[in-house]
Amino acid sequence: MEITKIKYFPVERTSDNHPLAACSVVLDGVFMVHDVKIYAGGIVVMPQRSHRGRHFTSTNGHKSNDLCHPVDRKFFEELKSTILTGFALFESTGEVCFIP
């Protein structure tokens, strides 16, 4: 699977716990994943759904679950590295689209 495009969006931060930015990732030019978040320390978090006030069963003991995520560790590391590379460019130049 190939990462074909990443588009970055600034996030209003009112706390150090809030993400630095969010992005949408296009895979193989045909599938898009929205709302991937980037946190300080190089942490990349896949889109999640919250369980607060709903009757979902959490599978991980947290109040949210990933909506989608890579099942292959190698691909996740590649995805994370590519997202962070593009994010560094976004931070330094303001360029919102990154094509690896």
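This report describes the fold, the central strand, the nonpolar core and the aromatic rings of one protein chain.

## Overall fold

The structure is a predicted model, and its secondary structure comes to 1 helix and 7 strands. Read from the N terminus on, the elements follow the order β-β-β-β-β-β-α-β, so that the helix is followed by one further strand. Of the 100 residues in the chain, 30% are buried. Among the contacts with a separation of 6 or more, 35% are made by residues that stand 24 or more positions apart.

## The sheet

In general, the strands of a sheet pair through backbone hydrogen bonds, and the pairing can be parallel or antiparallel. In this model, 5 strands form an open sheet in the order β4-β3-β2-β1-β7, with antiparallel pairing. The edge strands are β4, which covers residues 43–45, and β7, which covers residues 97–98, and each of them pairs on one side only.

Strand β2 stands between β3 and β1 in that order. With β1, strand β2 pairs in the antiparallel sense over 7 bridges, and one of the bridge partners to note is Val25 in β2, which is matched with Ile6. With β3, strand β2 again pairs in the antiparallel sense, here over 6 bridges. On this side Leu27 has Phe31 in β3 as its bridge partner, while Val26 stands opposite Met32 in β3. The two strands β2 and β3 form a hairpin with 3 residues between them, and in the turn Asp28 has a positive phi of about 55°.

## Strand β2 and its two faces

How many of the residues of β2 are buried? The strand is mostly covered, since 7 of its 7 residues are buried. Ala21, Cys23, Val25 and Leu27 point one way from the strand, whereas Ala22, Ser24 and Val26 point the other way, and the residues of both groups are buried.

Ser24, which lies in strand β2, counts as buried because its relative accessibility is 7%, below the limit of 20%. The side chain of Ser24 makes a polar contact with the side chain of His34, at 2.9 Å. Leaving aside residues up to four places away in sequence, Ser24 touches Lys5, Ile6, Lys7, Phe9, Met32, Val33, His34 and Asp35.

## The nonpolar core

As a general tendency, nonpolar side chains in soluble globular proteins are buried together. The largest nonpolar core of this model holds 18 residues, and those that touch the most other members are Ile6, Tyr8, Cys23, Val25, Val36 and Ile83. At least two residues of this core come from each of β1 (3–10), β2 (21–27), β3 (31–39) and α1 (73–93), and the largest share, 5 residues, is supplied by α1.

Val25 shows how strands and helix meet in this core: not counting residues up to four places away in sequence, Val25 touches Ile3, Lys5, Ile6, Phe31, Met32, Val33, Val36, Leu79 and Ile83. Cys23, another of the core members, counts as buried because its relative accessibility is 0%. Cys97, by contrast, is partly exposed, with a relative accessible area of 27%. A disulfide is a covalent bond between the sulfur atoms of two cysteines, and a search of the whole structure finds 0 disulfides.

## Aromatic rings

A pair of aromatic rings is described by the distance of the centres and the angle of the planes. The count for this model comes to 3 aromatic pairs. In one of them, the rings of Tyr8 and Phe87 have their centres 6.4 Å apart and their planes at 45°, so this pair is tilted. Tyr8 is in strand β1 and Phe87 in helix α1, 79 residues apart, so that the pair links distant parts of the chain. Both Tyr8 and Phe87 are buried.

What is the arrangement of the rings of Tyr8 and Phe90? Their centres lie 5.6 Å apart and their planes stand at 20°, so the pair is stacked. This pair, too, links distant parts of the chain, with Tyr8 in strand β1 and Phe90 in helix α1, 82 residues apart. Tyr8 counts as buried because its relative accessibility is 1%, and Phe90 counts as buried because its value is 13%. Ring pairs link Tyr8, Phe87 and Phe90 into a cluster.

Definitions and conventions
Residues are numbered from 1 along each chain as its sequence is written. This is a predicted model: local features need pLDDT of at least 70, side-chain atom pairs count only at pLDDT 80 or more; totals for chains, interfaces and linings use all residues. Side-chain values use heavy atoms; hydrogens and water are left out. A nonpolar core is a set of buried Ala, Val, Leu, Ile, Met, Phe, Trp, Tyr and Cys residues joined through side-chain atoms within 4.5 Å. Buried means under 20% relative accessible area, exposed over 50%, partly exposed in between (1.4 Å probe, protein chains only). Helices (H or I, at least four residues) and strands (E, at least two) are DSSP runs, numbered from the N terminus. Contact means heavy atoms within 4.5 Å. Two strands pair if DSSP finds at least two bridges between them. A polar contact is a pair of N or O atoms within 3.5 Å; within protein, one must be able to donate a hydrogen and the other to accept it, and residues adjacent in sequence count only if both atoms are side-chain atoms. A disulfide is a pair of cysteine sulfur atoms within 2.5 Å. Rings of Phe, Tyr and Trp (its six-membered ring) pair if their centres lie within 6.5 Å; planes under 30 degrees apart count as stacked, over 60 as edge-to-face and the rest as tilted.
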